[in-house]
Amino acid sequence: RSTRPIMRPLLLYTDMQQEAQTDTYLLEADLRAALAAKELSVQYQPKVSFTNGSSAGFEALVRWNHPHRGQIPPELFVAIAESAGLIGEMTEWVIQTALRETSNFKGCESPGVSVNVSATMLFDPCFPFVIDSAISMWNDDYSRLTLEITESLLMENFEGAFSLLSDLRQKGITISIDDFGTGYSSLAYFKRLPVDEVKIDRSFITNMTQSVEDQRLVEAIIDLSHKFDLQVVAEGIEDEQTYDTLRAMGCDVAQGYYISKPVDAEGLPLWTSEPLESQYN
Ligand code: C2E
Ligand code: MG
Ligand code: MG
Ligand code: MG
């Protein structure tokens with residue numbers, strides 16, 4: 001009887017691990033099927049310029065509405081896609097879909113779309129061809145595509161990423177460092193990075209109203225980025241106070257629930273018409 005309390009947690013732990021593992025396999029099979037059956041979708045989160053409130057494009061965010069489990073968080077199934085070798089197929093589908101669903105705005109001074117690219121995909125030798133064929137199919141305009149790459153991924157293989165990103169930029173693609181501030185880039189790397197844009201991580205933005213330190217950090221990132229001619233996007237803006245503070249700091253582009261939650265493709269036209277200027281000035 002006295003050994004039970006020690007044994008039980010151990011058994012439970014193993015059971016839980018087992019269960020999590022089984023769950024991953026099940027989801028992996030479901031994801032494979034979902035990709036084939038086109039059960040995934042893309043939502044778009046609008047970005048606006050701090051200077052005049054006009055549209056600064058959209059971030060494409062993949063969605064999976066599982067038939068039995070409902071919405072699965074992208075962080076979870078993107079990781080599964082990576083380990084199951086499905087990330088190539090998934091990323092290609094997201095890029096194709098995002099370009100297709102935003103290509104209607106060709107006529108007007110059209111806002112671009114940004115797509116998140118994860119580690120395995122960026123270094124896949126097929127990646128440049130995936131981009132080329134999607135661009136030639138949908139808009140023939142590299143300048144309307146932004147690739148968001150997380151800072152930590154960039155730092156893991158800086159030399160490899162360097163030439164790859166330089167090639168992509170050469171074509172006119174915009175490169176953005178996502179979740180900036182969490183990946184410990186050294187300032188020495190900062191001056192060499194072949195990127196155009198920095199996205200300050202949501203955690204700093206969220207804490208800004210309560211923390212003077214976070215506020216100073218954000219201001220420093222904005223100033224530093226501008227010294228290197230990088231555009232700065234703040235993501236995760238949830239209230240007016242944060243928006244106003246960032247605007248006063250000279251931040252370039254705003255993204256977050258305060259502006260809009262991610263919307264379906266049908267909701268995009270609203271964000272490409274002019275009247276928003278007055279709403280956000
Ligand atoms: P991320 O690229 O940093 O995307 C921003 C996330 O913050 C999105 O979550 C967005 O819905 C959420 N967000 C935006 N504004 C606010 C706000 O004001 N408050 C709060 N609380 N959240 C906000 P989501 O869509 O769940 O995506 C999570 C992550 O999953 C993304 O982080 C990205 O790393 C990854 N992801 C999403 N779509 C893709 C994709 O197509 N490919 C890859 N490789 N990763 C993706
Ligand atoms: Mg992103
Ligand atoms: Mg981010
Ligand atoms: Mg993130």
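In this predicted model, Ala34 is found in helix α1, which spans residues 4-36. With a relative accessible area of 0%, Ala34 is buried, because the cut-off for that word is anything under 20%. Leaving aside residues up to four places away in sequence, Ala34 touches Glu39, Leu40 and Trp64. A useful sense of scale comes from pairing Ala34 with Val233: these two residues are 199 residues apart along the chain, and their C-alpha atoms are separated by 32 Å.

Stepping back to the whole chain, the model contains 12 helices and 9 strands. Of the 281 residues, 45% are buried. The chain exposes about 14500 Å², and 53% of that area is supplied by carbon and sulfur atoms. Contacts can also be sorted by how far apart the partners are in sequence. Among contacts between residues at least 6 apart, 67% join residues at least 24 apart.

The two magnesium ions come next. Which residues hold the magnesium ion called ligand 2? Its protein donors are Glu59 (OE), Asn116 (OD1), Glu148 (OE) and Asp178 (OD), and they lie 2.0 to 2.2 Å from the ion. Written along the sequence, these donor residues follow the spacing E-x56-N-x31-E-x29-D. Glu59 belongs to strand β2 (residues 55-66) and Glu148 to strand β5, so this pair ties together parts that are 89 residues apart in sequence. Glu59 is buried, with a relative accessible area of 4%.

Glu148 deserves a visit of its own. This residue sits in strand β5, which covers residues 145-150, and is buried at a relative accessible area of 1%. The Glu148 side chain makes a polar contact of 3.2 Å with the side chain of Ser114. Not counting residues up to four places away in sequence, Glu148 touches several others, among them Val115, Val117, Ser176 and Lys199. Glu59, Asn116 and Asp178 are also touched by Glu148, and these three residues appear beside Glu148 in the list of donors to ligand 2.

The other magnesium ion, ligand 3, is coordinated by Asp178 (OD), Asp179 (OD) and Glu235 (OE) at 2.0 to 2.2 Å. Along the chain, the spacing of these donors is D-D-x55-E. Asp179 lies in strand β6 (residues 174-180), while Glu235 is in the loop between β8 and α11, so the pair ties together parts that are 56 residues apart in sequence. How do these two residues compare with the cut-offs, buried or partly exposed? Asp179 has 25% relative accessibility and therefore counts as partly exposed, whereas Glu235, at 11%, counts as buried. The two magnesium ions are linked through Asp178, which coordinates both; the ions are 4.0 Å apart.

Asp178 also leads to ligand 1. An N or O atom in the Asp178 side chain is 2.9 Å from an oxygen atom of ligand 1. Asn116, already met as a donor to ligand 2, has a side-chain N or O atom that is likewise 2.9 Å from an oxygen atom of ligand 1. For Gln45, a polar side-chain atom lies 3.1 Å from a nitrogen atom of ligand 1. On its own, ligand 1 has 800 Å² of accessible area, and the protein covers 86% of it. There are 22 residues around ligand 1, and those that come nearest are Arg63, Asn116, Arg202, Glu238 and Tyr257.

The last region to consider is helix α11, made of residues 240-248. Which residues of this helix are buried? They are Thr242, Tyr243 and Leu246. These residues are on the same side of α11 because they cover an arc of only 100° around the axis. The cover over the buried residues includes three strands, β1 (40-49), β8 (231-234) and β9 (253-254), together with the helices α9 (202-207) and α10 (212-227). At the start of α11, a side-chain oxygen of Asp239 reaches to within 3.3 Å of the backbone nitrogen of Gln241. After the helix comes Gly250, whose phi is positive, near 90°.

Key:
Residues are numbered from 1 along each chain as its sequence is written. Chains are lettered from A and ligands numbered from 1 in the order in which they are written. This is a predicted model: local features need pLDDT of at least 70, side-chain atom pairs count only at pLDDT 80 or more; totals for chains, interfaces and linings use all residues. Side-chain values use heavy atoms; hydrogens and water are left out. Buried means under 20% relative accessible area, exposed over 50%, partly exposed in between (1.4 Å probe, protein chains only). Helices (H or I, at least four residues) and strands (E, at least two) are DSSP runs, numbered from the N terminus. The arc is that of the directions from the helix axis to the C-beta atoms. Contact means heavy atoms within 4.5 Å. A polar contact is a pair of N or O atoms within 3.5 Å; within protein, one must be able to donate a hydrogen and the other to accept it, and residues adjacent in sequence count only if both atoms are side-chain atoms. Donors are N, O and S atoms within 2.8 Å of the metal (3.2 Å for Na, K and Ca); water is not among the atoms, so sites may look incomplete. A residue is near a molecule or strand if one of its heavy atoms lies within 4 Å of it. Accessible areas come from the Shrake-Rupley method with a 1.4 Å probe; for residues, only the protein chains shown count as cover.
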